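User: I'd like the reasoning behind the labels here, not just the labels. Let's go through them one at a time.

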Amino acid sequence: MTRKRKIGLSLLAVLVLLVAFNWELVHYGIRQGIGQGKIVWNAVPMDVLLQDPAYPDSLKQKLLLVKAVRQYAIDSLGLRDTDNYQKVFDQKGQELLWVVTACEPFRLQPKLWKFPVVGAVPYKGFFEKEKALNERKKWEAEGYDVSIRNPGGWSTLGWFNDPILSSMLLRREGDLANLIIHEMVHATVWVKDDAEFNENLATFIGDTAAYYFLRSRYGLTSEPYQRYVNENEDYRKFSAHMLRGSVGLDSLYGSFAEGAPVSEKKQAKEKYIRHIVDAMDTLTLHYPPKSKTRFQKQLPNNTYFMTFRTYQSKQDTLGRDFAVRFRGDLKAYVADWKARFGVE
């Protein structure tokens with residue numbers, strides 16, 4: 001046997017062993033690739049729909065808005081120019097992705113899933129609902145708090161050509177602009193193993209840039225701008241309330257005596273979460289929160305509070321840095337993060 005043949009067989013053996021020991025991850029990656037591939041394959045170029053006389057004018061206006069947002073993000077913010085958001089996938093009213101999150105029952109510590117490139121993240125997505133339900137059952141059996149949500153969008157960090165989803169076009173102008181920019185940030189800046197930073201940064205830039213974009217496109221007194229201002233102000237107050245609640249939960253969990261009965265801890269936990277939910281009535285908001293009605297039927301669990309930490313906990317810190325070091329220059333702010341953690 002030649003030396004090259006021996007080396008080749010050795011490498012093949014190592015590859016087989018890696019696949020064997022990581023089969024669950026490999027199988028998951030294949031399933032996700034197939035799911036994303038189907039969406040990309042069946043997406044229609046935006047320009048085709050814009051020229052289609054049968055396509056609703058109201059949706060054409062949203063497509064033109066997406067075009068404008070995307071170009072603004074590239075030209076005025078310096079976000080990465082990819083092939084994302086130039087095609088449209090018609091969901092036909094169906095959900096596409098189910099994201100599972102899990103958290104320890106008496107500690108605000110999320111379950112982390114590890115993947116190549118992105119690193120450890122506190123969520124796991126599925127293009128098949130049954131798979132997501134099975135994942136939830138698995139971690140519930142381990143005693144975790146678990147939840148499933150349908151995200152409005154997601155980023156593959158440029159690995160695939162992420163299309164516009166038809167459900168995105170149902171959003172208001174500010175919300176849509178925020179979402180597109182948020183996901184474009186992920187395809188521009190990503191820190192491996194730090195989902196909390198990544199999501200907070202994308203949230204901050206998306207929130208802030210949407211203000212700038214709407215102001216330049218519609219004007220300060222326009223309905224889209226004023227609506228976004230009011231909705232974002234509401235959400236900031238709501239997020240602050242939930243973050244304060246998470247601090248209180250941390251204190252409660254830390255106060256549990258070692259060996260305390262699980263039933264006793266569950267009762268105290270439920271009582272405190274009920275207090276957080278009831279205190280929502282003290283918030284002065286422009287629009288009533290949709291979650292209030294939902295929580296009357298079922299209280300949120302630890303995953304809900306962890307989501308606010310993942311997406312909102314660093315907003316004040318990022319805001320101060322943006323104001324002091326960059327004096328409101330969002331393009332310079334983006335360039336600074338790109339220089340340190342830019343996606344290749």
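User: What makes the side chains of aspartate 336 and arginine 325 count as a salt bridge?

Analyst: A salt bridge needs a side-chain nitrogen of Lys or Arg within 4 Å of a carboxyl oxygen of Asp or Glu. The N to O distance for aspartate 336 and arginine 325 is 3.5 Å, so the pair qualifies. The two sit in distant parts of the chain, aspartate 336 in helix α13 (residues 330–341) and arginine 325 in helix α12, eleven residues apart. Salt bridges that share partners also tie Asp321, Arg325, Asp336 and Arg340 into one network.

User: Before we go on, what should I know about the model and its numbering?

Analyst: It's a predicted model, with residues numbered from 1 along each chain as its sequence is written. Local features need pLDDT of at least 70 and side-chain atom pairs pLDDT 80 or more, while totals for chains, interfaces and linings use all residues; side-chain values use heavy atoms, with hydrogens and water left out.

User: Which residue in α12 also pairs with arginine 325, and how far apart are they along the helix?

Analyst: That's aspartate 321, whose closest N and O atoms to arginine 325 are 2.6 Å apart. Arginine 325 and aspartate 321 are four residues apart in α12, which means about one helical turn between them. (Helices here are DSSP runs of H or I, at least four residues; strands are runs of E, at least two; both are numbered from the N terminus.)

User: Why is arginine 325 called partly exposed?

Analyst: Buried means under 20% relative accessible area and exposed means over 50%, with partly exposed in between (1.4 Å probe, protein chains only). Arginine 325 comes out at 48%, and aspartate 336 at 21%, so both land in the middle class.

User: How many salt bridges are there by that rule?

Analyst: The count comes to 16. One of them joins glutamate 104 and arginine 107, with 3.0 Å between the closest N and O atoms. Glutamate 104 is partly exposed at 23%, and so is arginine 107 at 44%.

User: And arginine 309: buried or exposed?

Analyst: Buried, because its relative accessibility is 19%. Arginine 309 is found in helix α11 (residues 302–312).

User: What makes the meeting of arginine 309 and aspartate 250 a polar contact?

Analyst: A polar contact is a pair of N or O atoms within 3.5 Å; within protein, one must be able to donate a hydrogen and the other to accept it, and residues adjacent in sequence count only if both atoms are side-chain atoms. The side chains of arginine 309 and aspartate 250 are joined at 2.5 Å. Another case is the backbone nitrogen of lysine 92, 2.9 Å from a polar atom of the aspartate 90 side chain. Serine 222 caps the N-terminal end of α8 in a similar style of reading: a side-chain oxygen lies 3.3 Å from the backbone nitrogen of tyrosine 225.

User: How do you know that aspartate 162 has no salt bridge?

Analyst: Its nearest side chain of opposite charge, arginine 80, is 8.7 Å away. (Lys and Arg count as positive, Asp and Glu as negative; His and the chain ends are not counted.) Aspartate 162 is buried, in the loop between β7 (145–149) and β8. Leaving aside neighbours within four places in sequence, its contacts (heavy atoms within 4.5 Å) are Gln36, Asn84, Tyr85, Trp154, Ser155 and Thr156.

User: How does the reach of helix α8 fit its residue number?

Analyst: The expected span is 1.5 Å times one less than the number of residues. Helix α8 (residues 223–255) has 33 residues and reaches 48 Å, close to the 48 Å expected. Helix α4 (residues 57–75), with 19 residues, reaches 27 Å, close to its expected 27 Å.

User: What makes a set of residues a nonpolar core, and which have the most contacts in the largest?

Analyst: A nonpolar core is a set of buried Ala, Val, Leu, Ile, Met, Phe, Trp, Tyr and Cys residues joined through side-chain atoms within 4.5 Å. The largest has 72 residues, and Leu63, Ile164, Ile181 and Tyr333 have the most contacts inside it. Helix α7 gives the largest share of this core, eleven residues. A second, separate core of 21 residues includes Cys103, Leu252, Ile273 and Tyr304.
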